[in-house]
Amino acid sequence: MEFEPVIGIEVHAQLKTRTKLFCGCSTNSGEKRNSNVCPVCLGMPGALPVLNKKAVEYAVRAGLALNCTVKELSVFSRKNYFYPDLPKGYQISQFDLPVCENGSITIDVDNRKKTIGIQRIHMEEDAGKLIHQGSASIAGADYSLVDLNRACVPLIEIVSEPDIRSAREARVYVEALKLILQHTGVCDGNLEEGSLRADVNISIRPLGQEKLGTRAEVKNLNSFRSLERAATVEIERQKALIISGGKVVQQTRNWDDASQKTTALRSKEEAHDYRYFQEPDLIPLRLPVAMIREIKNSMPELPVKKMERYKADLGLNDFNSYQILVDCDMNRYFEECLLIKEDIEPSEICKWILGDLNALVKDGNSSFSECKVTPEKLITLVKLIKSGKISGKIAKEVIKKMYETGADPENIVKESGVEQISDTDMLQAAVDKVLAANPDVVLKIKAGKTNSANFLMGQVMRETRGQAQPDLVRKLILDTVNKG
Ligand SMILES: [Zn+2]
């Protein structure tokens, strides 16, 4: 029997606000434990929540970017459950009236277009963080510490329709979401650090069957690789289970990267287990049409549109037009270069950014926004190559020095004397010397094997410590041989 996987994904994205969803505490992570807290996010009795306007704006922005209908009226609800990282005993979330509904995005899965529906986007607060001592989980721990800095940090949950049909599609979908959220400035999209978290709901059914199978939810996916791998493994587990006569149980499963397995965490709860009811401390959220329109008008260019522009207007290829988008910092840098590029080809700029500069930034554990090679300096460097002042090979050395010192490429070239030699008399001397030392190669060229000139070019380059202008050297070699 053939089976078909049916996958739906819930993505939790942390909004990039400076303060929390219902209080003025900072959202800065990495600060001293329990330092960014107040009576509201500690859940003290009588403390009242006040909604963060910026968080609402970001949720709307995400909704518009994902082609959703933004609701003029939405409502916050209490989701009741107990866990030690949730001091109030409930999470403020949205239930039957979320802020955005009915969206979709079209993804490109290995050159095949596929549209994935977005059921809803709702706003909610995050819980705190538990640090277990003596065990990886709360069950075996000697004791657990509670850090509430993360409590009440604003999240949106983006719920897809069960439109995804393979582990590969699941990965591409979350990658596309990440790119959209980053480029709209809504979330920094870091899976490893947990500012973006994906829970993958998987079921399988016999191919051709309408009815959905029982699903399992897989959690703890902190890289795109582990997401794709976990989905693959879970699909195979369910298939094997059904083929051997067993039944899939509705449950939440944990992905373990070390063993490459999913293991049962708990039986999956139903919505009614949470006893949702409307949050009495917050009035319903009414969004003026003018506000929604204003956010729509101020939307930045979406990654798909950007990629099309790079291909159509700038002549970048598929691969490069995507790669130059993946890192937002790098993309901003590229856009700045485009503003001042004059007659330099965008593909040439792109090549230097994705190649040498990216390698330097990565090796230095730095970022493009902190890079000492400013867009102006990179453009100057590319101009030096274009004008023939330095060779591409020398430029690789120059950019290293620029990265380390922040110096101007023209000064580096002047000081280190690496300027390309385009003085014919000087080069002719080197050419004559090399020809005299290689009479056999000269004979080959005379016999019509012009490719042999490459060997002599290499020798001349060595003579001139790589500073000779290659085209000129080639011309001089061929002219001299033919004259002689
Ligand atoms: Zn607070």
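This passage describes a zinc site, one helix and an internal cavity in a predicted model.

In the predicted model, the zinc ion is held by four protein donors, namely the SG atoms of Cys23, Cys25, Cys38 and Cys41, which lie 2.3 to 2.4 Å from the ion. Along the chain these donors follow the spacing C-x1-C-x12-C-x2-C. The angles subtended by the four donor atoms around the zinc ion run from 101 to 114°, and the arrangement is therefore tetrahedral; for four tetrahedral donors, the ideal angle at a metal is 109.5 degrees. Two of the donor residues can be described further: Cys23 is buried, with a relative accessible area of 11%, and Cys25 is also buried, its relative accessible area being 9%.

Helix α10 comprises the 12 residues 375–386, for which a span of 16 Å is expected at 1.5 Å a residue, and this agrees with the 16 Å that separates its end C-alpha atoms. The buried residues of α10 are Pro375, Leu378, Ile379, Leu381, Val382, Leu384 and Ile385, and the elements that cover them include α8 (328–339), α9 (346–363), α11 (392–405) and α12 (409–416). In an α-helix, residues three or four places apart point the same way, because there are 3.6 residues a turn. After α10 comes Gly388, which has a positive phi, near 85°.

With a threshold of 30 Å³ or more, one cavity is counted, and the largest cavity holds about 60 Å³ of space. The residues that line the largest cavity include Asp85, Leu86, Pro87, Lys88 and Tyr90, together with Glu125, Asp126, Ala127 and Gly128, as well as Ala151 and Cys152. Cys41, a donor of the zinc ion, is also among the lining residues.

Notes: Residues numbered from 1 in each chain as written. Predicted model: local features only at pLDDT ≥ 70, side-chain atom pairs only at ≥ 80, totals over all residues. Heavy atoms only, no water. Donors = N, O, S within 2.8 Å, 3.2 Å for Na, K, Ca; no water. Tetrahedral: all angles 85-135°; square planar, octahedral: opposite > 155°, others 65-115°. Buried < 20%, exposed > 50% of the residue type's maximum accessible area, 1.4 Å probe, protein only. Helix = DSSP H or I, 4+ residues; strand = E, 2+ residues; numbered from the N terminus. Expected span 1.5 Å × (residues − 1). Contact = heavy atoms within 4.5 Å. 1 Å grid on protein atoms, 1.4 Å probe; cavity = no way out; pocket = protein on both sides within 12 Å on 5 of 7 lines; lining within 4 Å. Points joined across faces, edges and corners; volume = space filled by probe spheres on them.
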